[in-house]
Amino acid sequence: MKILEKYANLLIEYCLDIQKGEKLYVVSTTAAEPLVIEVYKAAIKAGAHVEISLSMAEQNKVFLDNANEDQLNYLNPPQEYIMGNFDAYLVIRAPHNLRENNNVDLQKSKKRSAALAPINKAYFERTANGSLKRSLCQYPTQAAAQEAGMSLSEYEYFVYNAC
């Protein structure tokens, strides 16, 4: 069994305890595609209904640098539905660049955060009352390895052995 398959099984079977018929929402970046595929396989085998959202490099920066007022205040209806109705939520941290948002407009960033408050409120309420199972994990990327002061292979070894 490959390491990513083992990692995915750990996330689906143990961390989230996904059961047949449950709805799972997976969020990551395109950098974690190999793990996302294994998570998807494991969740499908467990009988889950799976939705995946992958962001691309600098997506948030591009949005904040170019969004108008209406776009900053827009609340995505599917996102609201997911946070209010799904059984499980998995975030796979896989940064392309940990500093990509350093020079974004702070006011735009605050407006966007305020617009997303209802989604965040639902998330925190549901995780607090146990109606939303959630897990956060790390996928080794060059950006995260650099931040940790390691080579990518050293960081991979660190992450996978921690699991």
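Select strand β1, residues 23-29, and strand β3, residues 88-93, in this predicted model. The two strands pair in the parallel sense, over 4 bridges. To see one of these pairings, click on L24: its bridge partner in β3 is A88. Strands of a sheet pair through backbone hydrogen bonds, either parallel or antiparallel.

Now add the remaining strands of the sheet. In what order do the strands of this open sheet stand? The order is β2-β1-β3-β4, which makes 4 strands with parallel pairing. Select β2 (49-55) and β4 (133-138) to find the edges. Each of these two has a single partner strand, so one side of each is left without a neighbour in the sheet. Turn the view to look along the sheet: on average, neighbouring strands are turned by 15° against each other, direction ignored.

Next, leave the sheet and select helix α1, residues 3-15, together with helix α2, residues 33-45. Two packed helices are described by the angle between their axes and the distance between the axes. Here the axes come within 8 Å and cross at roughly 50°. That crossing angle makes α1 oblique to α2. The crossing of α1 and α2 is right-handed.

Finally, show the side chains where the helices meet. Which residues of α1 meet α2? On the α1 side they are L4, E5, Y7, A8, N9, L11 and I12. Their counterparts in α2 are P34, L35, E38, V39, A42 and A43. Colour the contact of α1 with α2 by residue type, and its residues divide into 10 nonpolar, 1 polar and 2 charged.

Note on methods. Residues are numbered from 1 along each chain as its sequence is written. This is a predicted model: local features need pLDDT of at least 70, side-chain atom pairs count only at pLDDT 80 or more; totals for chains, interfaces and linings use all residues. Side-chain values use heavy atoms; hydrogens and water are left out. Axes are lines fitted to C-alpha atoms, for helices over the stretch in contact, and angles run from 0 to 180 degrees between N-to-C directions. Angles under 35 degrees count as roughly parallel, over 145 as roughly antiparallel, 65 to 115 as roughly perpendicular and the rest as oblique. A crossing is left-handed if the near helix is turned anticlockwise from the far one by less than a right angle, and right-handed if clockwise. Contact means heavy atoms within 4.5 Å. Ala, Val, Leu, Ile, Met, Phe, Trp, Tyr, Cys and Pro count as nonpolar, Asp, Glu, Lys and Arg as charged, and the others, Gly among them, as polar. Two strands pair if DSSP finds at least two bridges between them.
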